[in-house]
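Me: I am new to this structure and should like to understand the terms applied to it. Please explain the charged pairs, setting each value against its definition.

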Amino acid sequence: MSKAQGTGQSGAESTVSEDVPASFDTETDVVVIGAGAAGITAGLRALETGAEVLVLERDRQPSGSTALSSGFVPAPGTRFQRAIGVTDSPDAYAADIQHKAANGAEPLITRTVTHAIGPALEWLEDRHGVPWQVLDDFLYPGHSVHRMHAVPERTGTGLVTRLLTAAGTAGLPIATGARVTTLFRTAHQIKGVAVTRPDGQTETIGCRALVLACNGYGGNRDLVAQHVPEIAAAPYHGHAGNTGDAVLWGQALGAATRDLTAYQGHGSLAHPHGILITWALMTEGGIQVNTRGERFANEHRGYSEHAVDVLAQPCGAAWAIYDKRLHDFAMGFPDYAQAVVAGARKTGTPEELAAKIDVPADALAETIRTTQACAAGERADPLGRDFTQKPPLGEALSAIRVTGALFHTQGGLVVGTDARVRRADGAPFPNLFAAGGAACGVSGARVEGYLSGNGLLTAIGLGYVGGDAAG
C-alpha cells in the first residue's frame, strides 16, 4: 500500500492500495469523486454516454468551492454572447489567459478548456435546463470582452442549486456523506475505491473509470505552507473539504503535477464578516486604502494578486472606498447586499468617513482628491492605474474593511485533451481523469497569473470533456 501524504477533514488517511479486493461490495462504470460544478458536469456528461455513474460527495449536502464562488463562468463564442452583440473566440480567450499568466499557462490545457467551455454551457442549457446570461454591465480586468456567464441568481449557490436540480432530473445518483479514503489499483489501472461513512462504516466500489473532481489543497494548511507560504496565514475562504486528496493520490500513483505554487487569492473579503465584496467596485471606480489613508497598489492589476498586497498592509487589512453610484450598482450582487445588511458598510463625507474608520482625515482627503484629478486627466496615477475611463469618486462615500484571503489552489494533476491524467513519464493513465481544482489549471505558476473565472473554467470545461471520455 502506498500512502498519500495527508489526511482529510475526517482524519481518515488518503491512500492508494494495490491490495485490490477479490470482489467489491458494489460496482459501476464511472465513479466521480466530488459533487461541485466539476463533478456534476462530469457525471451528467458520462451518464449521457450510456454509462452507469455514481458521484461520491463527502459532505451531507453538496456545495464545495462552487457554492463559495461568484458563480461566474467565462466562455468565448457562445450564442449568449452573440445575442448581445459580443464577438469572441476560444483563441482570443486563450490569448487573454496567457497574457495574464505571462505565457505560463499550460498550453494544451488552455486550448482544451477554452474550446470546451462554450459548448459545455450551451449543452447545460439545452440538455439540462441550466440558463445562462452574459454579464455586460462591467468588464473584469484581463478580459478583452464580456464573456462572464451566470445563472439568473448570480451566485455560486445559485449555480450549485441549478446543477443539482439538473442531476436530479437526469437521474444522476449522488451519494452524500461518502468520503473516499482509498484508491485501488493494479499497475496504472484504477480498479475501485473505498468509502467511509459518517458512522465509520466502510464499503468498496469497483469502477471502470474514475474522475477526480474534489478540488485542490487550499484546506490543507501543511500543503499551503509548503507550496504557497506567502498566503499561509491568510483566511481561507474555500471549502474545508479541499484537503488535497486528488494531488496526494496522484503523487502516490506517479502522476505528473504542475504549477502547485499557483492559487487564487482575493483582496476584498469583508472582515470580520467573511463575505466576498465584489471586485466590480474596484473596476468601476472604487479604490482601496490602508490604515494610513493611502492607496498602496493598482487595484486594476487583478483581485487575486491584490490579496498579497492587502495582507502586506498594517494589520493585514484595507478599506474599500467607493461612492453612492458604486453602492447602488453593487447592490445587484447578492454577496455585497448581504455584507451591507450585516453592517459591514460605513458611510459619510471624506471627513466623516475618516473618523468612522479611524484613518487620518487629511490623508484620506488627499487620496480622494488625487484620484479625482487622475479621473479628470489632470495627472497620472503614480501606481499606474487609468482612472479616466470611469466617473470620479463623489463626496458621499462608503467604506468596507477587507482583508486578503486564499480561495482555492490552481495547480494540480497534468491532464491531456480528454482530461485523462498523465503519468510523470507523460503517458496517460488508461482510466483516471481529473477536472477543476484537482487538475492543473491555466494560471501559470504564480498568483499574478489568475484571470477571473479560471476556477470554474476548468471545473466545467474539464468536467465536460472528462465525463465524456470516462463514460
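Me: What makes the contact of Glu-299 and Arg-295 a salt bridge?

Reply: A salt bridge is a side-chain nitrogen of Lys or Arg within 4 Å of a carboxyl oxygen of Asp or Glu. The side chains of Glu-299 and Arg-295 meet at 2.9 Å, N to O, so the pair satisfies that definition. This is a predicted model, in which local features need pLDDT of at least 70 and side-chain atom pairs count only at pLDDT 80 or more, while totals for chains, interfaces and linings use all residues. Residues are numbered from 1 along each chain as its sequence is written, and side-chain values use heavy atoms, with hydrogens and water left out.

Me: Why is Arg-45 called buried?

Reply: Its relative accessible area is 16%, and buried means under 20%, exposed over 50% and partly exposed in between (1.4 Å probe, protein chains only). Glu-48, at 30%, therefore counts as partly exposed.

Me: How do you know that Arg-45 and Glu-48 form a salt bridge?

Reply: Their N to O distance is 3.9 Å, so the pair meets the criterion. Both residues lie in helix 1 (residues 37-48), three residues apart, which means a separation of about one helical turn. Arg-45 and Glu-48 also belong to a network of salt bridges with Arg-127 and Asp-468.

Me: Why is Asp-137 called partly exposed?

Reply: Its relative accessible area is 35%, so Asp-137 falls in the intermediate class. The side chain of Asp-137 also forms a salt bridge with Arg-154, at 3.5 Å, N to O.

Me: How many salt bridges does a search of the whole structure find?

Reply: The search finds 28.

Technical notes
Helices (H or I, at least four residues) and strands (E, at least two) are DSSP runs, numbered from the N terminus.
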